[in-house]
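Trainee: Could you walk me through one part of this model in detail? I would like a close look at the place where the ligand sits, and then at whatever else you find worth a visit.

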Amino acid sequence: MIFLDAAATTPVRREVLEAMWPYLTGEFGNPSSHHSLGDAAATALAGARAATAKALGCRPGEVIFTSGGTEADNLAVKGIALARRSADPGLDRVAISAVEHPAVEESARYLERVHGFGVDVIPVDRYGQVTEEALLAVLGPRTALVSVMYANNEVGTVQPVARLAALARERGIPFHTDAVQAAGWLPLDTGALGVDALSMSGHKLGAPKGSGALFLRGRTRVEPLVHGGGQERGRRSGTENVAGAVATATALTLAATADPAGPSGRVAALRDGFIEAVLAGVPGAFLTGHPTERLPSVASFCFPGTSGESVLLELERQGVICSSGSACAAGSDAPSPVLLAMGIEPAVAQTAVRFSFDSAITAGELQEAAAAVRTAVVSVRALGPTS
Ligand code: PLP
């Protein structure tokens, strides 16, 4: 089997499992307990927080461990917007890009539905990028928060986050970025990015599902979503997932200390070879997303005259595992809102297939996959688009 769905999830790395193991077994204490087992857990949590902060270029107090990317996005979008509006009732709008993950999009819609916020959707260009002009067109005196993702999960397009964040901050508006797909591939220095909040998820880079973190800058106020014992400085109650925090920190550290030009440069070159082979082998196929400003790990296409789901099934029969876009929308018949926002016709958007790899991918695997794609598309086209 060739696994080309790493943007959906990755296996736990051995180093990560070894680092978290003690906190699942012998050192199982609750970090709030005042005895030696509790102290050991609290020390591990503090170490994980310091390591995560180092990888994100921030202070340990600016890291909130969460149950993953979805919770980090919810806390950033709802928590910051609600805290700002309670300080100033005139701040009652949020601006999000048209290609956000549902964790951001649905958080904004919740604010609209339940709390009466206005939602400004920032359009993207045909590559899925937010331009500075498009952002400026929606910002106003009532904007409580801007949220634009770092890299898109369906097409891999990377946003000019530092430039966009600077525009928001010049106007005193906090800027959140969903870096769930960027983590492990792009620099995560929150200082250089100039963002006020950044979400990441452990399971995209070798930590277990259900682990992740939110960076929240300095004094940025946030209304907590989970109430209870006041853990994470009152911003996220609940007994901390010590092993999950250790796993997140270890995975981030491993990714940060890997030579940035190493896996990324190597994988980007393999991705480009794969894109070339698919486009050469499949008449009518086209790449979706930005041609160069894209994650090294994502190649996404439309195959007109097919249905993406049928191509996936055919590929799986040939031993290649991939996806039609976001794992969260898998199985849904609706065309991807991300592709529609990029101006792709609904019928063509339904022919989308995403291939995403981890840093262990080899040229041989991608050659084999490109040949399988050719065969799969030919056989689906022969059966007709509704096959
Ligand atoms: N944001 C993006 C861009 C994602 O790709 C995902 C997961 O696919 C999430 C958020 C949600 O993260 P999690 O699965 O950790 O809840």
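**Around the ligand**

Mentor: Happy to. Helix 3, residues 69-87, gives the largest share of the shell around the ligand, three residues. Keep in mind as we go that this is a predicted model.

By character, the shell holds eight polar residues, three charged ones and two nonpolar ones. Of the 13 residues around the ligand, those that come nearest are Thr70, Asp178, Gln181, Ser201 and Lys204.

Let us take some polar contacts in turn. Aspartate 178 places a polar side-chain atom 2.6 Å from a nitrogen atom of the ligand. With serine 201, the partner on the ligand is an oxygen atom, and a polar side-chain atom of the serine lies 2.6 Å from it. Glutamine 181 also faces an oxygen atom of the ligand, with an N or O atom of its side chain 2.8 Å away. How much of the ligand does the protein bury? On its own the ligand would expose 390 Å², and the protein buries 88% of that area.

From here, turn to helix 6, which spans residues 161-170. Its buried residues are Val161, Leu164, Ala165, Leu167 and Ala168. Looking down the axis of helix 6, you would find these buried residues within an arc of 155 degrees, so they line one face of the helix. Arg163 and Glu170, on the other side of helix 6, are exposed. What covers the buried residues? The cover includes two helices, helix 5 (132-138) and helix 7 (190-193), along with strand 5 (143-147) and strand 6 (175-178). Strand 6 ends at residue 178, and aspartate 178 is the residue we just met beside a nitrogen atom of the ligand. Just past the end of helix 6, look for glycine 172, which takes a positive phi of about 75 degrees.

One last stop is arginine 49, which lies in helix 2 (residues 36-56). Is this charged residue buried or exposed? Its relative accessible area is 15%, and the cut-off for buried is under 20%, so arginine 49 counts as buried. The side chain of arginine 49 reaches the backbone oxygen of valine 63 at 2.9 Å. Leaving aside residues up to four places away in sequence, arginine 49 touches Pro60, Val63, Ile64, Phe65 and Glu232. Valine 63 therefore appears twice in this picture, as a residue that arginine 49 touches and as the owner of the backbone oxygen that its side chain reaches.

Terms used:
Residues are numbered from 1 along each chain as its sequence is written. This is a predicted model: local features need pLDDT of at least 70, side-chain atom pairs count only at pLDDT 80 or more; totals for chains, interfaces and linings use all residues. Side-chain values use heavy atoms; hydrogens and water are left out. Buried means under 20% relative accessible area, exposed over 50%, partly exposed in between (1.4 Å probe, protein chains only). Helices (H or I, at least four residues) and strands (E, at least two) are DSSP runs, numbered from the N terminus. The arc is that of the directions from the helix axis to the C-beta atoms. Contact means heavy atoms within 4.5 Å. A residue is near a molecule or strand if one of its heavy atoms lies within 4 Å of it. A polar contact is a pair of N or O atoms within 3.5 Å; within protein, one must be able to donate a hydrogen and the other to accept it, and residues adjacent in sequence count only if both atoms are side-chain atoms. Accessible areas come from the Shrake-Rupley method with a 1.4 Å probe; for residues, only the protein chains shown count as cover. Ala, Val, Leu, Ile, Met, Phe, Trp, Tyr, Cys and Pro count as nonpolar, Asp, Glu, Lys and Arg as charged, and the others, Gly among them, as polar.
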